[in-house]
Amino acid sequence: MSAVEQLASEPLLRVTDLSRWYGSIVGCRDVSFEMHPGEVLGIVGESGSGKTTLLKCLSGHLEPTSGQVEFDTRRHGMSDIYGLSEPDRRRMQREDWGFVHQNPRDGLRMRVSGGANVAEPLMNLGRRHYGEMRSATIAWLERVELDTSRIDDKPRNFSGGMQQRIQVARNLIHGPKLVFMDEPTGGLDVSVQARLLDLMRELVRDLGLAVIIVTHDMAVARLMADRLLVMRRGQVVETGLTDQVLDDPQHAYTQLLVSSVLQI
Amino acid sequence: MSTAATRPNEAERYYNYAYLDEQTKRMIRRAILKALAIPGYQAPFGSREMPVPYGWGTGGIQLTAAIIGPDDVYKCIDQGADDTTNAVSIRKFFARVADVATTEDTAEATIIQTRHRIPEQPLKAGQVLVFQVPQPEPLRGLEARETETRAMHAYEEYGLQYVSLYENISAFGRIAATAGYPVMVEERYLMSPSPIPKFDNPKMDDNEAILLFGAGREKRIYAIPPHTRVRSLDFEDYPFEVQTWEENCALCGAEDSYLDEVVLDDAGNRMFVCSDSHHCGQRRAEGHVGPMAGHQLANPVAEDGQ
């Protein structure tokens with residue numbers, strides 16, 4: 001999607017003056033931005049800069065102290081997600097969103113098979129035909145390049161990279177509009193990380209997904225994100241197109257961040 | 001310590017009628033009414049310590065104690081049998097503390113306390129079936145957090161329960177779960193029927209009797225009022241099925257009752273007999289004969305006239 005088209009379309013997500021305080025400690029402060037369908041937004045910054053707090057507020061897991069998060073929901077149109085009743089919000093989260101955790105143990109049910117993990121979102125949406133769900137699961141396992149003969153293995157029997165692929169399949173099978181990713185390649189070694197990133201980039205482009213990806217890894221941001229928010233001490237210090245921010249950083253902190261990336 | 005003078009009827013008053021004190025029975029009755037008003041909903045209650053350990057039927061005993069009166073006729077079964085240790089001791093308990101008549105006859109009883117079975121003989125209006133429940137929460141095995149399962153019940157989010165059925169089919173090619181098979185009550189609340197065999201699940205649907213479920217350790221009461229729709233969960237392409245046996249009951253020849261397998265020796269001999277001992281005895285009295293009729297295992301039941 002070109003930049004012009006993106007501007008023409010209605011925003012998918014609109015965040016206005018979002019702040020979250022933990023008592024007197026600031027989590028994130030006065031964050032405002034808009035996101036359009038098909039856009040991949042990266043949130044970068046060092047540990048403790050408020051990335052995770054912001055992601056939790058955006059994904060409906062942590063109510064902000066002030067400010068609004070509006071999302072273009074399938075059932076209710078553009079609405080403040082914290083203004084929805086709890087059952088409506090939970091249903092919207094199940095239907096419209098996905099969430100890929102850094103640690104697959106947080107995002108998968110470790111006691112049920114990989115196949116059942118992938119099929120669960122379909123059952124949550126009311127699908128009750130085993131055969132159809134089974135074939136949808138197999139199709140998605142192929143799509144994330146996993147061996148379909150291992151569909152009934154438990155997640156613990158898969159490697160870290162494979163667990164993360166199961167998690168990706170589980171969060172895409174129900175056709176979400178927006179997927180949150182919290183350091184999706186955090187615990188993986190570089191070669192596995194590269195293959196997973198390549199896969200996710202392809203899926204995101206194919207499906208025209210909107211993604212918010214939180215990372216401290218500039219290389220991941222460069223590969224995945226169209227646009228970046230740079231955070232420091234809870235505030236957004238710089239925002240812009242990924243290449244622009246990384247190649248010509250304006251803020252002193254962004255300059256430091258970019259110059260800190262290790263070269264081989 | 002009480003300083004009051006000894007009452008003349010102290011011996012009889014040592015225990016209150018039906019063991020529990022009146023305030024506790026009121027509290028339990030309120031929970032029962034709430035549970036009946038919201039079929040399938042797990043109403044919390046202040047479970048008391050009972051003179052048996054948790055897991056031996058404390059929930060069921062408290063329910064019975066709260067509803068029993070001197071005119072009731074009480075039957076207690078364990079795995080369908082009237083003559084098992086637990087059933088006998090709980091029956092004696094109520095005969096003593098509530099001064100009620102006891103019976104083994106399903107039709108004659110007004111209150112039937114049960115563990116793991118529903119009697120074969122259909123229940124009638126006016127009867128109450130009291131279940132002993134170890135784990136009232138059907139979702140517990142899949143979701144460990146109580147706050148989360150409560151929200152799932154409140155918002156009718158029951159997709160997760162299907163994950164366990166899905167796992168069953170992918171592992172065994174069919175829904176292999178046999179006991180405690182989850183049901184939907186009035187298409188609203190997901191409910192665990194306690195560990196009864198799924199053979200008994202269809203009996204709960206549109207039943208004329210009141211079905212009460214009590215979990216003492218977990219402090220929950222739930223209920224199915226008469227003529228309530230109860231549907232066992234399934235998939236469109238894997239419909240709900242009950243167990244079937246190739247054999248008939250070895251003693252009474254019943255083709256349609258739930259059978260227990262009894263190992264007879266270490267040479268591989270075995271017999272299948274009705275798990276509902278009263279049903280089997282009644283059929284034999286009516287002259288029905290199975291292939292192993294007259295087996296010594298049948299005699300204690302036939303001679304036992306208690």
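Q: Which elements of chain B make a right-handed β-α-β unit?
A: β2(B), helix α4 (residues 85-97) of chain B and β3(B) make that unit. Keep in mind that this is a predicted model. Handedness is read with the strands pointing away from the viewer: the path from the first strand over the helix to the second runs clockwise when the crossover is right-handed.

Q: How do β2(B) and β3(B) run?
A: Start with the general idea. Strands of a sheet pair through backbone hydrogen bonds, in a parallel or an antiparallel way. Here β2(B) and strand β3 (residues 101-102) of chain B run parallel, joined by two bridges. Val73(B) has Ala101(B) in β3(B) as its bridge partner.

Q: Where does α4(B) lie?
A: Across β2, β3 and β4 of chain B. Its direction is at about 160° to that of β2(B).

Q: How many bridges join β2(B) to β4 of chain B?
A: Five, and β2(B) and strand β4 (residues 111-115) of chain B run parallel. Opposite Asp78(B) stands Arg115(B) in β4(B).

Q: How many residues of strand β2 of chain B are buried?
A: Apply the cut-off: a residue is buried if 20 or more other C-beta atoms lie within 10 Å of its own. In strand β2 (residues 73-78) of chain B, five of the six residues are buried, so the rest of the structure largely encloses this strand.

Q: What is the strand order in the open sheet of seven strands?
A: Read across the sheet of chain B: β1-β9-β8-β5-β4-β2-β3, with mixed pairing. β1 (43-44) and β3 of chain B are the edge strands, each pairing on one side only. At the β1 edge, β1(B) runs antiparallel to strand β9 (residues 220-224) of chain B, with two bridges between them. One opposed pair is Ala43(B) and Ile221(B), the latter in β9(B).

Q: Which strands does helix α3 of chain B touch?
A: Helix α3 (residues 58-67) of chain B packs on this sheet and touches β4, β5 (128-132), β8 (210-215) and β9 of chain B. Its direction makes about 150° with that of β5(B).

Q: Which three strands form the open sheet with antiparallel pairing?
A: β7-β6-β10 of chain B, in that order. β7 (189-191) and β10 (230-232) of chain B are at the edges; each has a single partner strand, so one side of each has no neighbour in the sheet. On average, neighbouring strands are turned by 30° against each other, direction ignored. Strand β6 (residues 183-185) of chain B pairs with β7(B) over three bridges, in the antiparallel sense. Met184(B) is opposite Leu190(B) of β7(B).

Q: How many helices and strands are there in chain B?
A: Nine helices and twelve strands. For the whole chain, set the radius of gyration against the globule rule. Chain B has 21 Å, close to the 19 Å that the rule gives for 306 residues, so it is as compact as a globular protein of that length. Its C-alpha atoms fill a box of roughly 70 × 55 × 35 Å along the principal axes. Of the 306 residues, 42% are buried. Contacts can also be sorted by sequence separation. Among those in chain B between residues at least 6 apart, 63% join residues at least 24 apart.

Q: How many residues does each chain give to the contact?
A: The general idea concerns size. An interface is often sized by the accessible area lost when the parts come together. Here, use a residue count: 14 from chain B and 15 from chain A. The chain B side that touches chain A has eight nonpolar, two polar and four charged residues.

Q: What covers the buried residues of α5(A)?
A: First the burial itself. In helix α5 (residues 114-124) of chain A, ten of the eleven residues are buried, so the rest of the structure largely encloses it. Among them are Asn117(A), Glu120(A) and Met123(A). The cover includes α3 (86-96), α6 (130-143) and α7 (160-172) of chain A, together with α6 (159-172) of chain B. After α5(A) comes Gly126(A), with a positive phi near 100°.

Q: Which residues of α2(A) are buried?
A: Helix α2 (residues 51-58) of chain A is mostly covered, with six of its eight residues buried. They are Lys51(A), Thr53(A), Leu54(A), Leu55(A), Cys57(A) and Leu58(A). Gly60(A) follows α2(A) and has a positive phi, near 80°.

Q: Is Arg205(A) buried or exposed?
A: Arg205(A) has 12 other C-beta atoms within 10 Å, so it is exposed. It sits in helix α8 (residues 190-207) of chain A. Arg205(A) and Gly38(A) are 167 residues apart in sequence, yet 7.9 Å apart in space, C-alpha to C-alpha.

Key
Residues are numbered from 1 along each chain as its sequence is written. Chains are lettered from A and ligands numbered from 1 in the order in which they are written. This is a predicted model: local features need pLDDT of at least 70, side-chain atom pairs count only at pLDDT 80 or more; totals for chains, interfaces and linings use all residues. Two strands pair if DSSP finds at least two bridges between them. Helices (H or I, at least four residues) and strands (E, at least two) are DSSP runs, numbered from the N terminus. Axes are lines fitted to C-alpha atoms, for helices over the stretch in contact, and angles run from 0 to 180 degrees between N-to-C directions. Two residues are in contact if their C-beta atoms, placed from the backbone, lie within 7 Å. Ala, Val, Leu, Ile, Met, Phe, Trp, Tyr, Cys and Pro count as nonpolar, Asp, Glu, Lys and Arg as charged, and the others, Gly among them, as polar. The radius of gyration is taken over C-alpha atoms; the globule rule is 2.2 Å times the number of residues to the power 0.38.
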